[in-house]
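Reader: I should be grateful for a close look at a single part of this model, set in the context of its surroundings. Please define the terms as they arise.

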Amino acid sequence: MSKAVKMKLLSVLVIIICVIVLYLSLSSSATFQWAALALTVVGCAFAFLNC
Amino acid sequence: MGIDVTSVGLPSMSILTWILALLPIIVILVLMLALNVSGARSGIISWVLAGVIAYFVFGAGPEVLAAGTVKGFWSTLFVLYIIWSSMFLYNVVNETGSFKVIADKFTEMTNGSRILQLLILGWAFPTFIQGVCGFGVPVAVATPLLIGLGFDPMVSVVTALLGHSWGVAFGSLGSMYSTMNNQLPPEYVAANEPTIAFWGSIMVAFGGFIVGLCIIHNYGVKVLKSAGKGFAEGIVAALFLSIVMGATMIGMSQIAPHLGCFVSGAVGLVLGVLVLPHIGVYKAKEGSDTAEHTSWGKFLKAFSAYLILFVVVFAVNLITPLKSALENPMFQVGLAFPANEIATGFGNAAVEKYSAIKIFTAPGTLIFITAFLAIAFYKSQKLMPEGGVKQAWSKTIGQSIGSTTTIIPMTMMAVLLTESGMTIYIAYGIAQVAGQFYPILAPFIAILGGFVTSSGTSSNILFTSLQYNVANILGMSAPIVLSEQSAAAALSNSFSPGNAALGTGVSGQSGKEGEILASTGVYNMLQGLLVGLLAFALISMGLGV
């Protein structure tokens, strides 16, 4: 498996983790939701650099 | 027109707000078309932009942004499940070398007639493969087969691109069709699914008819150096195949729409091979070029994966008690979401199982089951080489990860637009200017989506809600407008850069993507126009209501 494929797989994994946190934040406070959204943006930035 | 967008809880209509609502889509188009940015990066940028506009312009709070993003991610899982399973099945069959055996048998059965080979292997065969695999696989399989039979590489790629496109709407065991339904209000789908499927199949069958004409026109111009000669040689076969495959597609839409493309392709293949070679102009001629004899036993072994799939899919879909048991609510997985609303009042109701996946009857599950049964069969027949399964997995990961990273952010962006009311806002704006001529415009919206994403499914994700809302706002038949979206998004697969690159890749013509797109682009614009005109005529006659 090439490094490019491995990095794309890692990017998907990072997004999955961020989305799970985002989902959990839905039953929490607005502050936690903003934090989860910020985390998701960071996760997507990581994917952006690797895709 | 008396359309008041504030009545649904959205900000009052203004050109600036409308442009801002449309901006994420415009940005994704500019990034991919003009700046050649990858689909994944374009999707991520547009998702962030959609969030910023939703917050600052539409008053969407963090709960709306979070819910829209998670719902978008969840919606991709169903599609990704199909992509990964279908690529794995394709690679399993490919590892056994069965595709060459299949191609040899079809050559033998067509009396060596070039136009029959082109239409059956370049149209019916990709349609059949599209029925279960899709996602570029039909092009990847049919193109080398046609080149192997001696066709010009450019003709082979264009034919495979055109040939597989029409069935995409009901292909991949209904992935694109399911995606469309997932984008629509559940209560609307529950009440109107047979009508949606019926009109979708009518428009898709019409698209198939045009595809047949395009293939023989291209063959005439490129090979026979005369469009007239192409039509003279191929019109009987093209009409025959378009009628049998189109009629099957329409019939299947009322029985099992998810299988429409699969069964249509199978019928086209079987009747094309059994009937067409016995029609006068296609009968065997002295000294015609035919392949070596391939026994039926060898062919059936090679073809066994698709026969297994046929049995598995039909068993699950047609044995009602089995289907009911497998679709028990306890076997359906979906996420619960609380209600939310934006500042002006537009809201989304709470839902217990959003876009629930039926674990045991999902197309991805059926394809994976088939792949494992096929592996067992191929191993028992000693057709699977040592390490073949591992190799198939490895190839599947490499082939599927690209579309995975593209589809996830793109869907998050599309669902976020819907969650925050921006899609409906865009629809209201279009409704106010397009008026009664909207049906002529609708296919080009779908083609645009297919072109930029190289996926009819992604086009449906982007534009289904838009088409549905505009149809309702203008008081037109939503099923017919949705059928335009289905057919045109499917047909756009022949005109997508991703598929063109796939075609050049498998045919050893890298760098000629522009030449291919120039050919398929003209055909696709014609297809879009004809689909739009037909829909306009049908709606003008008061049909589809």
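Author: The account below begins with the basis of the description, moves to chain B as a whole and its partner, and ends with two buried residues.

The model is predicted, with local features requiring pLDDT of at least 70 and side-chain atom pairs counted only at pLDDT 80 or more, while totals for chains, interfaces and linings use all residues. Residues are numbered from 1 along each chain as its sequence is written, chains are lettered from A and ligands numbered from 1 in the order in which they are written, and side-chain values use heavy atoms, with hydrogens and water left out.

Chain B contains 22 helices and four strands; these are DSSP runs numbered from the N terminus, helices being H or I of at least four residues and strands E of at least two. Its radius of gyration is 23 Å, close to the 24 Å given by the globule rule for 545 residues, so chain B is as compact as a globular protein of that length. The radius is taken over C-alpha atoms, and the rule is 2.2 Å times the number of residues to the power 0.38. The C-alpha trace of chain B spans about 75 × 50 × 45 Å along its principal axes.

Of the 545 residues of chain B, 60% are buried, a term that means under 20% relative accessible area, with exposed over 50% and partly exposed in between (1.4 Å probe, protein chains only). Contact means heavy atoms within 4.5 Å. Among contacts in chain B between residues at least 6 apart in sequence, 81% join residues at least 24 apart.

Chain B also meets chain A: 28 residues of chain B are in contact with 22 residues of chain A. The two chains bury about 2200 Å² between them, of which 86% is on carbon and sulfur atoms. Tyr23(A), Leu26(A) and Phe48(A) supply 26% of the area that chain A buries against chain B, more than any other three residues. Buried area here is the accessible area (1.4 Å probe) that two parts lose on being put together, summed over both.

Within chain B, Ser85(B) belongs to helix H3, residues 62–95. Ser85(B) is buried, its relative accessible area being 0%. Apart from neighbours within four places in sequence, Ser85(B) is in contact with Gly364(B), Ile367(B) and Phe368(B).

Gly388(B) lies in helix H16, residues 388–419, and is buried at a relative accessible area of 2%. The C-alpha atoms of Gly388(B) and Val92(B) are 7.4 Å apart in space, although the two residues are 296 apart in sequence.
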